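This report goes through one protein model, from single residues to the chain as a whole. The sequence and the structure come before the discussion.

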Amino acid sequence: MFFYEYLFVRASLAYLVYATTLGFLFYLEPGWMGFLRSSHVHAGTVGFFLNLAFGVAYWMMPRPGQIKQPGLEAATFYTLNAGLLLRLVLEPYALLHRAPALQTWLAFGALLQLVAVLIFVYAMHRRVVTNQMLWKLRKMREARQNHGDEERT
């Protein structure tokens, strides 16, 4: 597991604890649900689920031609989590204090999350290949290796 895949999984576990803690607190103080419900849902779905799915996909999906994508992994991680953290911090405040001026920042957070998803889709489209495509890439790689061996002799 590479560094950003590790970060995705670790972040997902932190968001899981956060979402579960909020869920528990709703039973102790039901009045908090009105302004923290959205944070609870986003911490669970985007924070836990998407971070875990992205991290495992980057880790486990095939790497045709041994492609490495640390730049795309980093961009996905930082944009997804920056957008999510903006939402988790600002949205409860905006709801509690009726601060519509924060809408621009919340929209920016949502845009960051959208960009993260688009980066992830771009990265995965290069990895989603059929078995036939993998065999073709393998044969091409073997042919190049054999051709190099013939030139040396």
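Arg98 sits in the loop that joins helix 3 and helix 4. The model is a predicted one. Arg98 is exposed, its relative accessible area being 70%. The backbone at Arg98 has a positive phi of about 50°, although the residue is not a glycine.

**Overall layout**

The protein chain holds five helices and zero strands. Read from the N terminus, the order of elements is α-α-α-α-α. The radius of gyration is 21 Å, well over the 15 Å that the globule rule gives for 153 residues, so the protein chain is more spread out than a compact globule. Along the principal axes, the C-alpha atoms fill a box of roughly 80 × 30 × 25 Å.

Of the 153 residues, 37% count as buried. The accessible surface of the protein chain comes to about 9,800 Å², and carbon and sulfur atoms account for 69% of that surface. As for charge, there are 14 positive and 8 negative side chains, and the centres of the two sets lie 4 Å apart. Among contacts between residues at least 6 apart in sequence, 79% join residues that are at least 24 apart.

**Nonpolar cores**

The largest nonpolar core has 20 residues, and Phe8, Tyr58, Phe77, Leu80 and Phe120 touch the most other members. At least two residues of this core come from each of helix 1 (3–28), helix 2 (33–60), helix 3 (70–96) and helix 4 (103–125). Helix 1 gives the largest share, six residues. A second core, separate from this one, has five residues, including Leu90, Ala99, Leu102 and Leu106.

Which residues does Phe77 touch, leaving aside those up to four places away in sequence? They are Tyr4, Leu7, Phe8, Ala11 and Asn51.

**Residues in the helices**

Leu80 is placed in helix 3. With a relative accessible area of 0%, Leu80 falls under the 20% cut-off and is therefore buried. Beyond residues up to four places away in sequence, Leu80 touches Phe8, Val46, Leu50, Asn51, Phe54, Leu112, Gln113 and Ala116. Phe8 and Asn51 are also among the residues that Phe77 touches.

Tyr4 belongs to helix 1. At 18% relative accessibility, Tyr4 counts as buried. Leaving out residues up to four places away in sequence, the contacts of Tyr4 are Pro70, Glu73, Ala74, Phe77 and Tyr78.

Is Ser38, in helix 2, buried or exposed? Ser38 is buried, with a relative accessible area of 19%. Outside residues up to four places away in sequence, Ser38 touches Arg87 and Glu91.

Leu137 lies in helix 5, which covers residues 131–152. At 31% relative accessibility, Leu137 counts as partly exposed.

**Pairs separated in sequence**

The table sets out three residue pairs by their separation along the chain and by the distance between their C-alpha atoms.

| Pair | Separation in sequence | C-alpha to C-alpha distance |
|---|---|---|
| Leu80 and Phe120 | 40 residues | 9.9 Å |
| Tyr4 and Tyr58 | 54 residues | 8.7 Å |
| Leu137 and Pro64 | 73 residues | 7.3 Å |

Leu80 and Phe120 are both listed among the core members that touch the most other members, and Tyr58 is listed there too. The pair Leu137 and Pro64 brings in helix 5, where Leu137 lies.

**Summary**

The model has five helices and zero strands. Helices 1 to 4 each supply at least two residues of the largest core. Within helix 3, Leu80 is buried at 0% relative accessible area, whereas Arg98 in the loop between helix 3 and helix 4 is exposed at 70%.

Conventions
Residues are numbered from 1 along each chain as its sequence is written. Side-chain values use heavy atoms; hydrogens and water are left out. Helices (H or I, at least four residues) and strands (E, at least two) are DSSP runs, numbered from the N terminus. The radius of gyration is taken over C-alpha atoms; the globule rule is 2.2 Å times the number of residues to the power 0.38. Buried means under 20% relative accessible area, exposed over 50%, partly exposed in between (1.4 Å probe, protein chains only). Contact means heavy atoms within 4.5 Å. Accessible areas come from the Shrake-Rupley method with a 1.4 Å probe; for residues, only the protein chains shown count as cover. Lys and Arg count as positive and Asp and Glu as negative; His and the chain ends are not counted. The place of a charge is taken as NZ of Lys, CZ of Arg, CG of Asp or CD of Glu. A nonpolar core is a set of buried Ala, Val, Leu, Ile, Met, Phe, Trp, Tyr and Cys residues joined through side-chain atoms within 4.5 Å.
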